[in-house]
Amino acid sequence: LKIASIDELREKLESGEIESALGQRLAQHVRQGLSEAHAILLYHADDLRDAIEAFLLDKCGVSAVQVAGACRRRVEVVEEIDFVIQTDDFPTVVKKMERYGGRTPLLKSTKDLAQFALSTGIELRLHRAEPVDWGLCLIAKTGSQVHLEKLEAFTGKLTAARGKGPFQRKRLSMGRFRWPTSSRSCAKGTMRSHVHGKGCFRGLSA
Amino acid sequence: MAYIEPELREGNDEIARAREGMLPRLVGIADIRGELHAHSTSSDGADAIEQMALAAQKRGYEYIGISDHSQSLKIAKGVSIEDLRTQIEYIDKLNQELAGVRVLKSSEVDILADGTLDYPDDLLRELDYTVCSIHSRFGLNRNQQTERILRAMDNRYFNILGHATGRLLLKRPGYEIDMDRVIAHAKATGCFFEINSSPDRLDLSAEHARLANEAGVKIAISTDAHSTREFGTVKYGVDQARRAAFEPPSVLNCLPWASLQPLFRR
């Protein structure tokens, strides 16, 4: 096909020459290889989610963990996987997370957020939440950007409600908003079944 | 404001609906009563019809539709006319022996390039329903592909449009169709859509499924299972339906067979 560069490969793919010469299946592989988006199927993200949740609880010593973001919204293809966690020692959690799967490079870290590059090519984000802000943080880290903008148009800035505990229940008027009496009560396993609202976080409504 | 399920938090109309107390009661896995798109060893499945039926029963399903590929799809061991007639007789006999689960006589019928279906009408009428899909000529342009589907829907034995765009996530974009026209035609002719639960398909997309829902077109949440091990993927189809705000009454396989059967008679 006389292809000498990535650009030429892309051009031949779009013109259909690759498919004509090498078949549809190979053309699909080339398309996938040329994709710049680092994304995985939700199906695969679910496997990762289970493994990371277990690692956070068992190896990093976090006291509560809940998946958020696109994974929680059940978007079919995800580019990052977000967790909201509770811990008294975030720097140690970050340090231990770097050893997940042998090595998981840390991209960026602040006092409430750590971003890692997973070997699958997607990003892992850990959001630290104070117990009093658990539900608020889940709301903020789950909704899409557009959803949050529309929500804040009604509630005001979510960040303004930080640390105000029960006050925000009324302010946000989330009817079934409830905090767990103890984050420890949400044992590993039970909190994974939130997807269809059957886990112990069901009542959290965040 | 009422609690908004995570799957709805995309910034459509969920905030307004929550404020008005008008959020839907989303479909859940427990609402699923049966499977409407599954394959057997008659075509390219790994398990026999009886095994599929028993596995469905084990999941608590009331019915399972066996929708093997039709005659033109040679690569997937498409079922010949004679063999489909034999299969229909076999399923009738099997239903007399099975208790607690009903096997529905179906086929995943290819929509041919000219919009005709891959079996003659006198055979299609013997089936309980059909799933009609495109497996060839993906290269037709948007208008041709749309016309192809609309013509197929005009056949009174067309019931459910299978994996409507043929997409494979992260691998292949779907063929282009005018989804607004297809949805409007489905509504006018009494046809339905499928959300194919296969994790690399999830076809309809959530956006297209939402359009179908808003138009009042029901969907089936189907696994397209080729073995008994694949029934579990239905949860991904349910997720997709939830993202499109589907409630159980708008999902075909949340209905008992007695309610479903009349919907398939056009």
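This section describes the sheets, helix packing, chain contact and selected loops of a predicted two-chain model.

Chain A contains an open sheet of 5 strands. The strand order is β2-β4-β7-β6-β5, and the pairing is mixed. Strands β2 (64-68) and β5 (106-109) of chain A stand at the edges. Each has a single partner strand, so one side of each is left without a neighbour in the sheet. Neighbouring strands of this sheet are turned by 20° against each other on average, with direction ignored. Within the sheet, β6 (residues 113-117) and β7 (residues 123-128) of chain A run antiparallel. They are joined by 5 bridges. A:Q115 has A:R125 in β7(A) as its bridge partner.

Helix α4 (residues 42-58) of chain A packs on this sheet. It touches β2, β4 (80-86) and β7 of chain A. The direction of α4(A) makes about 25° with that of β4(A). Helix α7 (residues 134-142) of chain A lies across β2, β4 and β7 of chain A. Its angle to β2(A) is about 25°.

Helix α4(A) also meets a second helix, α6 (residues 90-97) of chain A. The two axes come within 10 Å and cross at roughly 130°. The helices are therefore oblique to each other. The crossing of α4(A) past α6(A) is right-handed. On the α4(A) side, the contact involves A:I52, A:F55 and A:L56. These meet A:V93, A:K96 and A:M97 in α6(A). By class, the contact of α4(A) with α6(A) has 5 nonpolar residues, no polar residues and 1 charged residue.

Another helix pair in chain A is formed by α1 (residues 6-15) and α3 (residues 24-34). Their axes come within 11 Å and cross at roughly 135°. That angle makes α1(A) oblique to α3(A). Here α1(A) passes α3(A) in a left-handed crossing. Helix α1(A) contributes A:I6, A:L9, A:R10, A:L13 and A:E14 to the contact. Helix α3(A) contributes A:A27, A:V30, A:R31 and A:L34. The residues of this contact divide into 6 nonpolar, no polar and 3 charged.

Chain B contains an open sheet of 7 strands with parallel pairing. The strand order is β1-β2-β3-β4-β5-β6-β7. The edge strands are β1 (34-38) and β7 (219-222) of chain B. Each of these pairs on one side only. Strands β5(B) and β6(B) run parallel and are joined by 2 bridges. B:L161 stands opposite B:F193 in β6(B). Helix α3(B) lies across β2 and β3 (102-110) of chain B. It runs at about 160° to β3(B).

Several loops of chain B carry backbone features of note. A cis peptide bond joins B:D203 and B:L204, with omega at about 20°. B:L204 is found in the loop between β6 (192-196) and α7 (206-215) of chain B. B:K77 has a phi near 55°, a positive value in a residue other than glycine. This residue lies in the loop between β2 (63-69) and α3 (81-97) of chain B. B:L170 is not a glycine either, yet it has a positive phi of about 65°. The loop that holds B:L170 lies between β5 (160-161) and α6 (179-189) of chain B.

B:H226 is found in the loop between β7 and α8 (234-243) of chain B. B:H226 and B:D44 are 182 residues apart in sequence. In space they are 7.0 Å apart, C-alpha to C-alpha. With residues up to four places away in sequence not counted, B:H226 touches B:H39, B:D44, B:G45, B:A46, B:D47 and B:H69.

The two chains meet through 35 residues of chain B and 37 residues of chain A. Between them they bury about 3,100 Å². Carbon and sulfur atoms account for 57% of this area. B:M1, B:Y3 and B:R9 supply 24% of the area that chain B buries against chain A. No other three residues supply more.

Conventions:
Residues are numbered from 1 along each chain as its sequence is written. Chains are lettered from A and ligands numbered from 1 in the order in which they are written. This is a predicted model: local features need pLDDT of at least 70, side-chain atom pairs count only at pLDDT 80 or more; totals for chains, interfaces and linings use all residues. Side-chain values use heavy atoms; hydrogens and water are left out. Two strands pair if DSSP finds at least two bridges between them. Helices (H or I, at least four residues) and strands (E, at least two) are DSSP runs, numbered from the N terminus. Axes are lines fitted to C-alpha atoms, for helices over the stretch in contact, and angles run from 0 to 180 degrees between N-to-C directions. Contact means heavy atoms within 4.5 Å. Angles under 35 degrees count as roughly parallel, over 145 as roughly antiparallel, 65 to 115 as roughly perpendicular and the rest as oblique. A crossing is left-handed if the near helix is turned anticlockwise from the far one by less than a right angle, and right-handed if clockwise. Ala, Val, Leu, Ile, Met, Phe, Trp, Tyr, Cys and Pro count as nonpolar, Asp, Glu, Lys and Arg as charged, and the others, Gly among them, as polar. Buried area is the accessible area (1.4 Å probe) that two parts lose on being put together, summed over both.
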